[in-house]
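Work through the exercises below with the model open beside you. Each has a task and then a solution in steps.

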Amino acid sequence: MARKTAPRVAPSSARAKKPARARSSRSSSAKPAAEEKAQTIEAQAGKTAEPRIVAIGASAGGLEALELFFDAMGADSGAAFVVIQHLSPDFPSVMDELLARHTSMRIRAAKAGLVVEPNVIYLRPAQQTLIIRDGVLLLTREDTKSHLNFPIDAFLKSLALDQRDKAIAVVLSGTGTDGTLGAAAIRDAGGVVLAQEPSSARFDSMPRALIERNLANASAPPRLLPRYVERVLNAQSLPTAEETADEPSSINPERRILQLLQRRCGSDFGYYKKSTVGRRIRRRAEMAHINDLATYVVKLEREPDEIDRLSKDLLIGVTAFFRDPEAFSVLSDKVLPKVMASMTSRRQVRVWVPGCATGEEAYSIAILLSEYARNHHLDLNVKIFATDIYRPALEKAGRGVYDTTAVRAALNADLAERYFEVNGEVSQVRPHLRRLVVFSAHNLLKDPPFTRMDLVSCRNLLIYFDEVAQRMALMLFHFSLDRNGFLFLGPSETVSELSDEFGVIDQYWRIFRKVRDVRLRESLRVLPSASMRGEAGPVEHEEHPSSPAFRTTIATRTAPVRRGLAKAYDAILDRYAPASVLVSREGTILHVFGDAHKYMTFKEGRFSPQITTAAVEELRHTISTGLERMRGRNTAPFARRVQCRLGREVEKIFKVTVERLDGADWQDESFCLVTFAELTEAKRGGSAGKEKIESVGKIELYQERIRDLENELRVTEESLQTTIEEMETTNEELQATNEELMSANEELQSTNEELNSVNEELLTVSAEHQRKIDELVEVTMDMNHLLKSTDIGVLYLDRDLRVRRLTSAIAKTFNLLEQDIGRPIEHITARFHQPGLLEDIREVLRGAAPCEHEIKVGEQVFLLRILPYQFGGEVAGVVLTIIEITARKHAENRLRTIVQTAVDAIVVIDDTGIIQSFNPSAERIFGYSNEEAIGQNVSILMSEPEKSAHDDYIQTYLRTGVGKVINTGREVEGRKKDGTIIQVDLALTEWSLEGRRYFTGIMRDISARKEREQHIRLIMRELSHRTKNVLAVVQAMAWQTARTTDDAHEFKERLSQRVEGLSRSIDLLVRHQWEGVTIEELVRDQLAPFLDEACNRLELNGPLLILEPNGAQDLGLVLHELATNASKYGALSAPTGRIIVGWGIANGGDNAEPMFHMRWNEEGGPPVEPPKQTGFGGTVIRDVMAKTHRATIDVDFAPEGLAWRLEVEAQRIIRPHPHFSEGEVEG
Amino acid sequence: MTDNQLCGFRILLVEDNALLAMTTDEILRCAGAEIAGPVGTLREAEQLAACEALSAALLDIKLHADEVWSVARILAERGVPFVFCSGHFDRDSLPDEWADYPILTKPVRAHRIIDSLAGVINGPA
């Protein structure tokens, strides 16, 4: 339990206890629990293998990188892996499960006290800070209270302390900069830091931060990182820049170009605007006829001159004397009085012109200041620092030689004369002006700024910088300006975010004034720009001698030599080497060879390893002079003869030689060898003349020594002078740096505060986002439900016509599934056929009007609309909507069918009389086809006078609203295509649609009806005539009956019977359309009332003959009277009586008319008596036919029965043909 | 009806209906007239109109399929006054040629026949 509670104690006490605990874990004596003992034993056992610990830091987007990493990482590397992730405290992590799929290594949650084992992956638990001490993992609870936690930094720092140069850190994808400080600690300790190649990271902030700070030894995509780790584990060197450059994806050409530029010229163009730089690089490449930047890189690598040309292209801006004269005049009016007011002989006015290029701007300001002093009679005490990064430009500026035309263009003759020495085509700045300006190479973004400036003029430089660099430069200007100092920028540059710190003097010409002395919260330290990321090759400031990397190189360079062999070398040297001493350049004794000790003496007091104190007195001067020489440029061996006495020996002459030992690759390490040789008597004597080595007396020796010392003094004076000058510069720089650091410190404090508040803010923002997301989810669901419930099919396509969103309703018509989202619409088949659909969609995308189609899917009909999807005023895609209109379509069809099948002609015209529609009945009635009629004026269907007047009718109606025919109907004359005039019944109605008025005429051809009406009128008249005739006959009957009857009752009886008889004849005639009746019919009809019960009492004999209507009537009258008589007195009055009626036609002679005969014979009745008086009946029987038809009537009242005989010309009463002709009615 | 109004006059009677012809014949005779006819065909009527000595004529217009105009024309030429008697025609429908001639519309009472004939015989034609 103690193990668990320990990390929970307050951080301060935890910190105090941890080292003790950690140490104890190694000794294992303090561990109480058996389990921990076991672990310790394990750890001790593992110590022989001493597992290397690889710390892996990852945050957002890190899981993917981790998976790739462990996929490629061998499971038996022997290293332990500690994964530190940023974890949410609110959700349990399933990292172990996820990683288990990608590695066969064991995965454990890190626990306090766990001894790290090889080939195991340890995961950091949430909300706990994991560190390592003595190979044992420790946990402390994170302070969750609003403090930012940097778990990766925390672990890496502890790893650096624990593992020193064995530490390995890998930083993967993540936002923020966690890991940067830890990586720095690891690098300081000599460990290795690897970063994920930023371009491969989901979130590149974390690895990028390392690379930007040059903390990463190497960077690579996650799947390649294990290879690096393995190389480190196997003590192999990391792949060099050249090796990694073999992978084309590892570096992009533009970045490579910037690196080349940096290396060659020292200018970091990464801070320049990418667009500008990119454009200029491409232009340069095009001028070299290279289209491909990668190829251009090759050219640059081969031709350093091309880099110079490119660098020049990138650097040289446009400059001129008094560029924007108005700006300078404003500067002169508004700024100079204030600046110059502070100028005294003791106070210098200081001006800085960064980015001065060829110096025109600097000289312009110098002229301005000089002129001001001259006009106001002031003593000029001005220093203008003009700096630029590009040395060739500075050289030109320093010479001060310009085109005369350029000078004359900007300056009036007076000024030109005063400040320039015109020399033909060129003019040179006069010395008094030149003296005011100091040109020096200076990198605005890297080198410390100048300070206490009264004016900084930086025109049209910032425009080339990217935002960060601009901001940085402005900060620098602010820092560099004295309070109330002025800043003069180019017309399109602003102080942007620093506007609070700069008062505006002239807004248009961008002149500002620093308003207060304040440290701005922003680091003035400039890091290498982004372009230097991933630079694994040597960059000048990386290989600092004190850096661990350097030390390891030295170590590997001095190859491990076997100690025994070294001793052998020493023995050899002792035996064969002349008496000599190896010293450092400073004169420290390093090695004594041979019997050189003879030449040394040791005095009491503090020991000095300097040869100049150790050598015998007589030799000291010579040796120190020699060493002094060696320090100089002349490195030729220095040899002198010296006479001296060694110990108790006699005075002898010795040759002392000092020479420098140099190796080409020794760099600064050089040594001097001092050799002593005794010149023998014989040698001295024998070779004195030849060798010209003179014997040197003591005085000469001293004189030489004095000369040497004087030389040395002069050299020292010179060097002191240089040093003093350097010191002064350095002092200036150091002052600036110090101030910078002070301000940086303040900044860091406030940044810390800020970060705290930012964290708070982020929490709030996060909550807000969560709420927004909830709302969005709700809105989306609402929308989905809406689309689903309305059953409207909707399909969104993006600009590339890929499916963005769809509803289930549309899936019915297109063969679409949810997983089709993202697929191009071309790939999707529809369940309907609509040619040109894609083209229509593209048209709408191009900005055409929305369009509609009706489509059929099986039995269903849909309306397909293609609408533009507008977003921010632009067509961002296309929306297809589909609505089922089957029912509507059916209704429409029904209505159309009604019109199409109507019997009546239905014609629609617009308000100008033009036919809009024309149904099949109209075609039939008027003879025009639909195509012929539509578009014609409706007057083609009319006859005069309506035809000519129709347009006026419409106009009058439209104007006055008064129309006779509208909304009623009438019969009018129509005109068919063939000119036939027809009668039509016209019903006319008016309606309007979309603001236009239309008229519908429904017409029926009533020509036939009209004809029938006419016919009926004729018949009615005929009927009237007939009636009158019949009435006349009845009148005659009444008259006759009355004449022959006295008794009113009998009159009534007789008249009724006769009228009935007449009526029967008329019935018969009507039955035959008044064309005539057959004789048989007439006889049977007239006898019918008397023969009800005994039909067999009548015998008819005769051919089929048809009587004329008049004849039928007349004969009917006669037959009626005969029958009446028979029923009263004759055959029909007795039950056995019979009547025989016979007829026929007989041809008379040659010229005679055919004669019609008819006979009426009665038999079986009572005996017949002739009548006593002739009544009406008798008259009729005898006279009717005789008078009018010239018939011969013979009546015989024979007692056995009445015999009546008729003979008449056949043509009078008989129709010529024995057949009825149809349909004719006779008057 | 028996006032002998037409006594001594010879009247041409043209009527194709046998009963009407017989009845009219009797009526005119009762009024004292002598009757030529009655005839029911155009041919017979034309013959009588042209040949007989006539005081006046009563003309039924429709005779079977014929009309009586040729008879009227003959009578008019001879200066014999006449009266039309018809069920088919009336004053309005009478052809213009005969518009000034009297017409009786069937059915007609006996004394109207007699009066009309007497009228045309006595008055100006």
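Helices are DSSP runs of H or I with at least four residues, and strands are runs of E with at least two, numbered from the N terminus. By that count chain A has 40 helices and 41 strands. The model is predicted.

**Exercise 1. Profile chain A.**

Task: State what share of chain A is buried, and how its contacts and surface are made up.

Solution.
- Step 1. Buried means under 20% relative accessible area. Of the 1227 residues in chain A, 42% are buried.
- Step 2. Take the contacts in chain A with a separation of 6 or more. Residues 24 or more positions apart account for 61% of them.
- Step 3. The exposed area of chain A is about 66100 Å². Carbon and sulfur atoms supply 52% of that area.

**Exercise 2. Profile chain B.**

Task: Give the order of elements in chain B, then its burial, contacts and surface.

Solution.
- Step 1. Chain B holds four helices and seven strands.
- Step 2. Read from the N terminus, their order is β-α-β-α-β-β-β-α-β-β-α.
- Step 3. Chain B has 125 residues, and 57% of them count as buried.
- Step 4. For contacts in chain B with a separation of 6 or more, 63% come from residues 24 or more positions apart.
- Step 5. The accessible surface of chain B is about 5100 Å², with 48% belonging to carbon and sulfur atoms.

**Exercise 3. Describe the interface.**

Task: Work out how much area is buried between chain B and chain A, and which parts of chain B touch chain A.

Solution.
- Step 1. Count the residues. On chain B, 28 are in contact with 30 of chain A.
- Step 2. Turn to area. The size of an interface is often given as the accessible area lost when the parts come together. Here about 2600 Å² is buried between the two chains, and carbon and sulfur atoms give 56% of this.
- Step 3. Find the main contributors in chain B. Leu19(B), Met22(B) and His88(B) lose the most area to chain A, together 25% of what that side buries.
- Step 4. List the polar terms. The rule finds 10 residue pairs in polar contact across the interface, both at pLDDT 80 or more.
- Step 5. Assign elements. Helix 1 (18-30), strand 2 (34-39) and helix 2 (42-51) of chain B each give two or more residues to the side that touches chain A. Helix 1 of chain B gives the most, with nine residues.
- Step 6. Sort that side by class: 11 nonpolar, eight polar and nine charged residues.

**Exercise 4. Follow one salt bridge.**

Task: Locate the partner of Glu44(B) in a salt bridge and characterize that residue.

Solution.
- Step 1. The rule finds two salt bridges across the interface of chain B and chain A.
- Step 2. In a salt bridge, the side chains of Glu44(B) and Arg1190(A) meet at 3.2 Å, N to O.
- Step 3. Arg1190(A) sits in the loop between helix 39 (1176-1189) and strand 40 (1192-1198) of chain A.
- Step 4. Arg1190(A) counts as partly exposed because its relative accessible area is 39%.
- Step 5. Check the backbone. Phi of Arg1190(A) is positive, about 55 degrees, although the residue is not a glycine.

**Exercise 5. Pick out unusual backbone geometry.**

Task: Examine Asp134(A) and the peptide bond from Lys106(B) to Pro107(B).

Solution.
- Step 1. Set the baseline. Most residues other than glycine have a negative phi, and most peptide bonds are trans.
- Step 2. Asp134(A) has a positive phi near 55 degrees. Its place is the loop between strand 5 (128-133) and strand 6 (136-141) of chain A.
- Step 3. At 26% relative accessibility, Asp134(A) is partly exposed.
- Step 4. The bond from Lys106(B) to Pro107(B) is cis, with omega near -10 degrees. Pro107(B) lies in the loop between strand 7 (103-105) and helix 4 (110-122) of chain B.

**Exercise 6. Place a buried side chain.**

Task: Is Asn919(A) buried or exposed, and what does its side chain reach?

Solution.
- Step 1. Asn919(A) is in the loop between strand 31 (915-918) and helix 32 (920-926) of chain A.
- Step 2. Its relative accessibility is 1%, so Asn919(A) counts as buried.
- Step 3. The side chain of Asn919(A) reaches the backbone nitrogen of Ile906(A) at 2.9 Å. A polar atom of that side chain also lies 2.9 Å from the backbone oxygen of Val899(A).
- Step 4. Leave out residues up to four places away in sequence. Asn919(A) then touches Val899(A), Ala902(A), Asp904(A), Ala905(A) and Ile906(A).

Key. Residues numbered from 1 in each chain as written. Chains lettered and ligands numbered in written order. Predicted model: local features only at pLDDT ≥ 70, side-chain atom pairs only at ≥ 80, totals over all residues. Heavy atoms only, no water. Contact = heavy atoms within 4.5 Å. Buried area = accessible area lost by both parts, 1.4 Å probe. Salt bridge = Lys/Arg side-chain N within 4 Å of Asp/Glu carboxyl O. Polar contact = N/O pair within 3.5 Å; in protein donor to acceptor, adjacent residues only side chain to side chain. Nonpolar A, V, L, I, M, F, W, Y, C, P; charged D, E, K, R; others polar. Buried < 20%, exposed > 50% of the residue type's maximum accessible area, 1.4 Å probe, protein only. Areas by Shrake-Rupley, 256 points an atom, 1.4 Å probe, with all protein chains shown as cover.
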